[in-house]
Amino acid sequence: MIEIIGLNKSFGENQVLRNIDVVFEEGKSNLLIGASGSGKTTLCKCTVGLHQPDTGTISYNGRIFNQMSHNEKKEIRREIGFLFQGSALFDYMTVEENVMFPIKMFSNLTTKEAKKRVDFCLERVDLKGVNKLMPSELSGGMKKRVGIARAISAKPKYLFCDEPNSGLDPQTSILIDNLIKEITHEYKMTTVVITHDMNSVLEIGEHISFIYKGDMLWDGTNKEVLDTTSTELTDFVYASSFMKELKRMNG
Amino acid sequence: MLKILQQIGEYTIFISKVFRRPEKWRIYFQMFIQELWTLGIGSIGIILIISGFMGMVITIQTASQIDSGWIPAYLVGYTTRQSMILEFSPTMLALILSGKIGSNIASELGSMRISEQIDALEIMGINSANYLVLPKITALMVIMPFLVVLSMFIGIFFGYVICETVGVITPSDYIYGIQYDFRPFDIVYALIKAVLFAYIITSVSSFYGYFASGSALEVGKSSTQAVVYSSIVVLIFNYILTQMLLI
């Protein structure tokens with residue numbers, strides 16, 4: 001479980017996050033939704049320590065992350081897998097080297113065992129025979145899947161996905177969403193997915209938090225999100241014509 | 001002035017992050033060997049070409065300037081040797097390499113920064129500055145003295161080739177000149193400069209690349225800044241070292 005209490009973050013004069021309280025539940029797909037520029041990625045980066053919050057606490061299963069020493073933070077970070085929006089694969093490494101990287105850095109597995117783990121992770125994301133390809137030779141969807149394989153290769157407890165289906169076609173998006181949901185349950189991870197895709201919200205969202213212009217406005221389940229009375233959330237949820245049509249059909 | 005002081009402070013913090021114990025020595029040595037190859041061996045071609053032509057040009061220019069019966073011909077060899085050892089091979093080579101290697105390092109790190117590859121390393125709990133930059137700095141500091149010695153040798157050798165082929169002076173005068181009044185400390189002085197300049201080129205370029213932000217345009221800007229500032233710092237330290245070691 002990841003618990004965030006009273007988090008504030010500003011960049012100069014611009015306050016991006018205001019008094020954020022949120023809990024990301026263990027073993028669930030926790031979705032962080034909101035419009036572009038609402039502060040989702042900043043919150044996520046504060047949570048993993050890429051940004052230093054101005055005030056507030058972030059705790060991983062009771063361990064307060066932003067009060068830890070550098071070495072303690074490193075230990076927590078080794079329990080985190082992160083899928084970046086642009087995949088952030090190391091472009092000078094092959095797919096196999098990318099997935100093997102966390103294993104080589106943090107485990108004492110032999111090369112043979114590490115390769116076995118890489119093959120397992122690539123197979124898990126439905127990618128076979130791409131071990132020797134370079135990231136530039138992969139499609140957007142394949143890059144995301146390699147990113148997921150790299151994120152899970154060191155068996156993390158926490159998985160963060162920053163807009164995992166941005167720039168993907170609907171079919172590949174669903175594939176990625178399902179993959180995230182499956183591995184969350186399979187490895188009992190605490191998964192945090194940043195998205196503004198309502199399809200993801202309905203498909204994989206088990207716990208949803210809505211952030212609006214830097215404020216945490218709402219949280220609940222994917223069933224509750226459709227019946228919300230919050231004006232801002234309603235505007236966000238029913239922005240697409242598909243969702244409008246769904247609402248009309250449901251009366 | 002305040003901006004310069006701020007940048008010096010940021011550079012110091014950055015360097016203190018770079019010079020930490022590597023996460024895994026085996027991986028550090030792999031990266032080190034790779035950088036030796038990329039930064040060092042990959043620069044041999046340009047060093048051979050530039051040093052060879054410089055040696056030939058210095059020989060011809062010196063010969064044409066001292067075309068007088070009062071000045072001994074062997075001074076052409078002496079001048080070529082001293083120019084190559086004291087200034088061209090360590091300093092001019094460093095300036096050329098700050099263009100080639102400096103822009104390469106800054107654009108590599110800059111594009112890693114904007115594509116979030118550096119963030120990916122940080123999230124994994126890896127000291128990205130240490131992992132990415134330390135092998136570059138140490139590799140160039142190790143290989144640069146060899147490159148400088150190679151450059152000296154090639155420059156002086158091609159000076160000899162000019163004497164043989166064009167006949168500006170006799171080869172025997174040239175050979176006498178390059179042996180005349182030789183002080184081994186000049187080589188030591190050149191090698192000290194080589195190691196320091198290698199450090200400046202890699203660390204300054206890495207600093208600008210590592211802190212690039214925004215778009216591809218910013219990566220281009222940081223690459224230009226890397227070349228400009230590393231060249232300026234090389235020239236400043238060239239003056240300081242020369243005054244410290246030769247006077």
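**Close-up views of a predicted two-chain model**

**View 1.** Helices α4(B) and α7(B) are oblique to each other. The model shown here, as in every view below, is predicted. Helix α4 of chain B covers residues 75-114, and helix α7 of chain B covers residues 171-179. Their axes cross at roughly 45° and come within 6 Å. An angle under 35 degrees would have counted as roughly parallel, and one of 65 to 115 as roughly perpendicular, so the pair falls under oblique. The crossing of α4(B) and α7(B) is right-handed. From α4(B), the residues in contact are B:L75, B:V76, B:G77, B:Y78, B:T80 and B:R81. From α7(B), they are B:D173, B:Y174, B:I175, B:Y176, B:G177 and B:I178. By class, the residues of this contact of α4(B) with α7(B) are seven nonpolar, three polar and two charged.

**View 2.** Helix α4 of chain A packs with helix α5 of chain A. The two helices run through residues 111-124 and 140-153, respectively. Their axes lie 9 Å apart, and the packing angle is about 135°. At that angle α4(A) is oblique to α5(A), because a roughly antiparallel pair needs an angle over 145 degrees. The crossing of α4(A) and α5(A) is right-handed. On α4(A), the contact is made by A:R117, A:V118, A:C121, A:L122 and A:R124. These residues meet A:A149, A:I152 and A:S153 on α5(A). The contact of α4(A) with α5(A) includes five nonpolar residues, one polar residue and two charged residues.

**View 3.** Two domains of chain A meet in this view. Domain 1 is made of three segments, 1-79, 158-169 and 182-222, whereas domain 2 is the single stretch 91-155. The C-alpha centres of these two domains of chain A are 25 Å apart. Seven residues of domain 1 and eight residues of domain 2 take part in the contact. On the domain 1 side, five of the contact residues are nonpolar, one is polar and one is charged.

**View 4.** Chain A touches chain B in this view. The contact draws 14 residues from chain A and 13 residues from chain B. Three elements of chain A, namely α2 (70-77), β6 (80-83) and α3 (95-106), each contribute at least two residues to the side that touches chain B. Helix α3(A) gives the largest share of that side, three residues. The side of chain A that touches chain B has nine nonpolar residues, one polar residue and four charged residues.

**View 5.** A:N19 has a positive phi of about 45°. Most residues other than glycine have a negative phi. A:N19 is not a glycine, and its place is in strand β2 of chain A, residues 14-24. Around A:N19, 14 other C-beta atoms lie within 10 Å, so the residue is partly exposed. Exposed would mean 12 or fewer such atoms, and buried would mean 20 or more.

**View 6.** A:K155 also has a positive phi, near 50°. This residue too is other than glycine. A:K155 sits in the loop between α5 and β7 (158-162) of chain A. With 16 other C-beta atoms within 10 Å, A:K155 is partly exposed.

Notes. Residues numbered from 1 in each chain as written. Chains lettered and ligands numbered in written order. Predicted model: local features only at pLDDT ≥ 70, side-chain atom pairs only at ≥ 80, totals over all residues. Axes fitted to C-alpha atoms, helices over the stretch in contact; angles between N-to-C directions. Helix = DSSP H or I, 4+ residues; strand = E, 2+ residues; numbered from the N terminus. Left-handed = near helix turned anticlockwise from the far one by under 90°. Contact = placed C-beta atoms within 7 Å. Nonpolar A, V, L, I, M, F, W, Y, C, P; charged D, E, K, R; others polar. Domains from an automatic or database assignment.
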